[in-house]
Amino acid sequence: MKKRQGFGHPTNTNKRPASLKEGETYSSYTNHTLQQALPSRRLRLRYDDEHNSHHISHHLHADLSHHQGHSHHTHQGHSSSNNIVNVNTNPVQKLLKQIRGPKLVSTTKEWKALQKHAEMIQNTHLRSLMSDQSRVDQMFEETDGVYFDYSRQRATLETIDLLVDLAERQNLRQRMEQMRNGERINFTEDRAVLHTALRASKNDIGKIEIEEKDGMIDPVAEVHSVLEDIKKFTNDIRSGKLTGYTGKRLRNIVSVGIGGSYLGPEFLHECMKTEPEGIHSALGYSLRFLSNVDPVDVERTCADLDPEETLIVIVSKTFTTAETMLNARTMRQWLWDFMGDDKEVVRKHVVACASITSKELVSDFGIDTENYFFRFWDWVGGRYSVCSAAGAVPISLLYGYDLFEKFLEGARSIDEHFFNADLRENIPVLMGLLGVWNMSFLGYNSRTVLPYAEALLKFPAHIQQLDMESNGKHVTKDGLTVDYPVGEVDFGEPGTNGQHSFFQLLHMGQIVPCDFIGFIKSQHDLCVDGEALTSHDELMANFFAQPDALAKGKTYEEVLAEGNSETLAPHKTFDGNRPSSSLLLPRLTVYATGQLLALYEHRTAVQGFIWDINSFDQWGVELGKKLALDIKENLFQARNNDCDIDIPENKATARILNYYLENSKDVNCDELCQTNPITQITRQTHFDKMAEMNSDIHHHNQAPPQGHDLGGNSGKLT
């Protein structure tokens, strides 16, 4: 593979100065030289190119020589602390201040080199690039069973070199290490970013220390302490050692959360429910997710559940998320309506996964904080939390802790690759750099992930939140407004469903870079009588064909050669030249699921590091929340005082709110209760409803089935 041209390369014009020591950068060399001449150690410079540094250095030395002579006579006899010149009055210091100020990455020579290179790529078709065998043979990487092919990207080996140059200019490796070591890189919230610690090995205990309010802590030791608690608790629930308020086994789990507290665990659940080990370990149990504040979501979640056999898991780091806490109170009411309001009902049927700083709120809710509370930390963002208690508790309750541990091992495998592999051979780094290339240099504003595995049907939604909430920003870490595109619109759908949904646009509409994800073996393959290939081969034929169709297309001449008329030919012509990457893994196991998660988490971080933005906060979601609180207050006043809403500064919103109020006056909470007088939430279980209907002479319905004939490990699935 082509290597980066260093100082010693014959074609590199950035020659190493004779006095520059081995391992010393040119920036540090010029900084040291200037510091010797400057009157204060506070002044440090960094230059983007050799010419500017020599030019500035020459004039600074001349000006400073004059200034120092003047300063000697003016300040003679004063202490050294008074020798610091006034930045606001001295022109040399003003220039230094401007040089030292924050710069956009788009002003660097590395960025500009990529812009110029992109002009050349825009005139190159993927048909030509794909015909270069040497290029194709080098544009793939492999680690621990993960095969990454990026030869269908609109990029050359030189593109990768230039992108790596940009990564080095942005100190990518250093920023990766800062993340791993717990430095507070989420500076707007003054927090570390340590989702990798959630899946670190016990062997890593003692390697990292971070400062918390109560002193220094070892995050890996903290994580394993919580994991041990989760393992014991979930095993006790699954074994029947811990039961519900009435003594029944707890076999239904409802996980209440929103955003990262829901999307990550749900995508993992969907992968595991058809994984062979997952099928058998989950028999007899069910897991549902309640995320939407829409009351219909409550009805859909709880309609056929027995509260006496249901465990509620509330996932909220702050334990204040408005939607989650309303649904949590709703589920608590549901439990009380069926079993009474004894405090032990909540203590035996409700679990909390929240930050340690929220422990008091958890206790106030009525939850047993000694045995039913599992903490995670402020250094774990919601969209990065699936490896924490947020995912561990509901997934381990359904599938057993041992399977969840395999998921952590898969994620750890990619973490080790990410932190140790060379940038050019680093799969998540390459994914991130290509994302920057497609978005910021080729101008592709959207991106799609296309898993050719039905079990990954929820994966695109998780990646959508992970990436768009992380990198949907408009300022750099220094507060400068970006003048380059950042933050793609992410979407996706499993193949081959997506082919019959939006692939028309992918092939003939706007260009959308694609990630294809496939597996060598299916979770469950089928060999149908009379079919030449297995069902999985049929699926994978599409996986291999679509990237080529996008890249190469079909020319007007090829369409004519097929016998089409000149009138029809333009409509059947494919321009091609549409970039994609392919990820191929051995099989969709829980281990491979962990690998996929980590690949995309790190891709997101890499892009943020290159763009110089904070990928770990989400202030963009706050304004809507605040306005919703104001509107709730307006609704409350209007409902209780039977009056219109008046918002002088926002007549449009006032008008639609009053229309809503006028047409919802007949809604009465008392009438929402059906025949069960003590129940305010789901009124009746399906068993109650069926009994009521069977007593009616006009209805003769059978009760819903309660069992199955699978027979566990000895049944039909074996």
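Right after helix 23 comes aspartate 612, and its phi is positive, near 70°. Helix 23 itself covers residues 590-611, and it reaches 32 Å from its first C-alpha to its last, close to the 32 Å expected at 1.5 Å a residue. That expected span is 1.5 Å times one less than the number of residues. Helices here are DSSP runs of H or I with at least four residues, strands are runs of E with at least two, and both are numbered from the N terminus. Of the 22 residues in helix 23, 21 are buried, so the rest of the structure largely encloses this helix. Buried means under 20% relative accessible area, exposed means over 50%, and partly exposed is in between (1.4 Å probe, protein chains only).

A quick word on what you're looking at: this is a predicted model, where local features need pLDDT of at least 70 and side-chain atom pairs count only at pLDDT 80 or more, while totals for chains, interfaces and linings use all residues. Residues are numbered from 1 along each chain as its sequence is written, and side-chain values use heavy atoms, leaving out hydrogens and water.

Now find the open sheet, where 5 parallel strands line up in the order 6-5-7-8-9. Its edges are strand 6 (286-290) and strand 9 (373-376), each of which pairs on one side only. Two strands pair if DSSP finds at least two bridges between them. Strand 5 (residues 252-256) is joined to strand 6 by 5 bridges, and one partnership you can look up is valine 254 with arginine 288 in strand 6. Helix 10 (residues 260-272) lies across strand 6 and strand 7, running at about 150° to strand 6. Contact here means heavy atoms within 4.5 Å, and the angles, from 0 to 180 degrees between N-to-C directions, come from axes fitted to C-alpha atoms, for helices over the stretch in contact.

Next, the rings: the structure holds 23 aromatic pairs. Rings of Phe, Tyr and Trp (its six-membered ring) pair if their centres lie within 6.5 Å; planes under 30 degrees apart are stacked, over 60 edge-to-face, and the rest tilted. Tyrosine 384 and phenylalanine 616 have ring centres 5.7 Å apart and planes at 50°, so this pair is tilted. The two sit 232 residues apart in the chain, with phenylalanine 616 in the loop between helix 23 and helix 24 (622-641). Both tyrosine 384 and phenylalanine 616 are buried.
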